[in-house]
Amino acid sequence: MEFAKLILGCGLHPITKSLIGIMCVFMCITSCGKTRNAPSQTKKIEWGYEAKNGPDVWAELSPEYILCGVGKHQSPIDLVNPTPVKLSPITYEYYRTTDLNIRHTGHTIEVASPEGNWIVVDDTRYQLLQFHFHAPSEHTVAGQPFDMEMHLVHKSEAGSLAVVGLLIKSGSHNAAFDPVWAHLPAVPGETLHIEQINVHLHRMLSANGQVTDEVVRSFSNTYRYDGSLTTPPCSEDVKWIMLTTPIEMSEAQIAAFRAIIHDNNRPVQPLNGRELLVDVEANE
Ligand SMILES: [Zn+2]
């Protein structure tokens with residue numbers, strides 16, 4: 001109001017007043033146009049785990065993430081009341097790896113697997129692509145979360161995914177993770193290429209660190225269900241294989257990871273009528 005009085009109320013000639021009025025209308029039209037253009041200039045929001053970009057709003061961040069909101073076969077889930085059945089055994093063809101890329105993706109620490117590590121499930125071979133970690137765990141057991149969770153992501157030749165998940169609780173130091181934990185990249189986007197290190201995957205998956213044929217066979221004690229990626233785009237048709245026996249890591253090992261990455265866990269999702277199976281041996 002005060003601004004209008006100053007412009008129009010100083011005894012100006014009526015024609016001058018009219019010109020000022022026309023200019024005002026023109027300025028309004030151009031500035032209104034600018035206002036309408038503003039939203040298209042806003043930066044795309046990267047998904048994450050905070051209120052503004054976390055699991056509750058993933059589906060709103062991009063049309064590609066729609067399944068995060070409307071998918072009916074989503075992961076993770078609460079592992080409770082499984083149906084005990086005799087599941088087909090899984091063959092773990094994991095070998096020692098020597099050269100690794102360890103990457104801070106901004107969402108987790110991800111270790112790329114060289115070719116040559118496989119699992120075989122129901123006569124289908126799935127190649128290990130990478131493994132990564134969440135803290136705290138994404139899956140819960142009867143409502144209880146664990147300190148961390150490891151995901152080993154595999155892909156078949158036909159393009160279907162199988163993820164082996166491992167729950168991690170605080171306890172003894174776990175030397176199987178030392179080669180990776182010695183090279184945790186601290187900066188988002190950073191990749192460390194490490195040569196000549198031995199990562200023994202069987203030992204990582206083993207609850208007691210001892211690797212025998214019997215132990216490797218016991219990895220087949222699993223929960224299984226059909227789910228999704230737990231991060232955008234939340235793609236479904238992922239075969240989930242959760243080992244029933246958690247492994248341990250020391251408080252210091254868990255703290256070392258959490259100092260870099262923490263709270264990167266999606267909450268559990270509804271089962272929506274899916275079957276959750278467990279090996280009969282594991283349920284005895
Ligand atoms: Zn994961």
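In this predicted model, residues 1-12 keep a pLDDT under 50 throughout. The model has 4 contacts beyond four places in sequence for residues 1-12. A second stretch, residues 19-41, likewise stays under 50 in pLDDT, and here the model has 2 contacts beyond four places in sequence. Across the protein, the mean pLDDT is 85, and 80% of the residues reach 70 or more.

**Overall composition**

The protein contains 8 helices together with 15 strands. Of its 284 residues, 32% are buried. Where contacts link residues at least 6 apart in sequence, 66% of them join residues at least 24 apart.

**Helix α4 and V70**

Helix α4 covers residues 67-70 and includes V70. Is V70 buried or exposed? V70 counts as exposed because 9 other C-beta atoms lie within 10 Å of its own, and a residue with 12 or fewer is placed in that class. The C-alpha atoms of V70 and A59 are 8.1 Å apart in space, while the two residues are separated by 11 residues in sequence.

**Strand pairing around β7**

Strand β7, formed by residues 124-134, pairs with strand β5, which spans residues 109-112. Strand β6, residues 118-121, is also joined to β7, as is strand β9, residues 148-156. The table sets out these pairings.

| Strand pair | Sense | Bridges | Opposed residues |
|---|---|---|---|
| β5 and β7 | antiparallel | 3 bridges | V111 and F131 |
| β6 and β7 | antiparallel | 4 bridges | I119 and Y126 |
| β7 and β9 | antiparallel | 8 bridges | Q130 and V153 |

Which residue of β7 stands opposite V111? The residue facing V111 is F131, and the antiparallel link between β5 and β7 comprises 3 bridges. In the pairing of β6 with β7, I119 stands opposite Y126 of β7, and 4 bridges join these antiparallel strands.

Strands β6 and β7 form a hairpin with 2 residues between them. In this hairpin, D122 adopts a positive phi near 50°.

On the β9 side, the antiparallel pairing with β7 extends over 8 bridges. Within this pairing, Q130 of β7 stands opposite V153 of β9. Strand β7 is thus described here with three partners: β5, β6 and β9.

Notes
Residues are numbered from 1 along each chain as its sequence is written. This is a predicted model: local features need pLDDT of at least 70, side-chain atom pairs count only at pLDDT 80 or more; totals for chains, interfaces and linings use all residues. pLDDT is the predictor's confidence in each residue, from 0 to 100. Two residues are in contact if their C-beta atoms, placed from the backbone, lie within 7 Å. A residue is buried if 20 or more other C-beta atoms lie within 10 Å of its own, exposed if 12 or fewer, and partly exposed in between; C-beta atoms are placed from the backbone. Two strands pair if DSSP finds at least two bridges between them.
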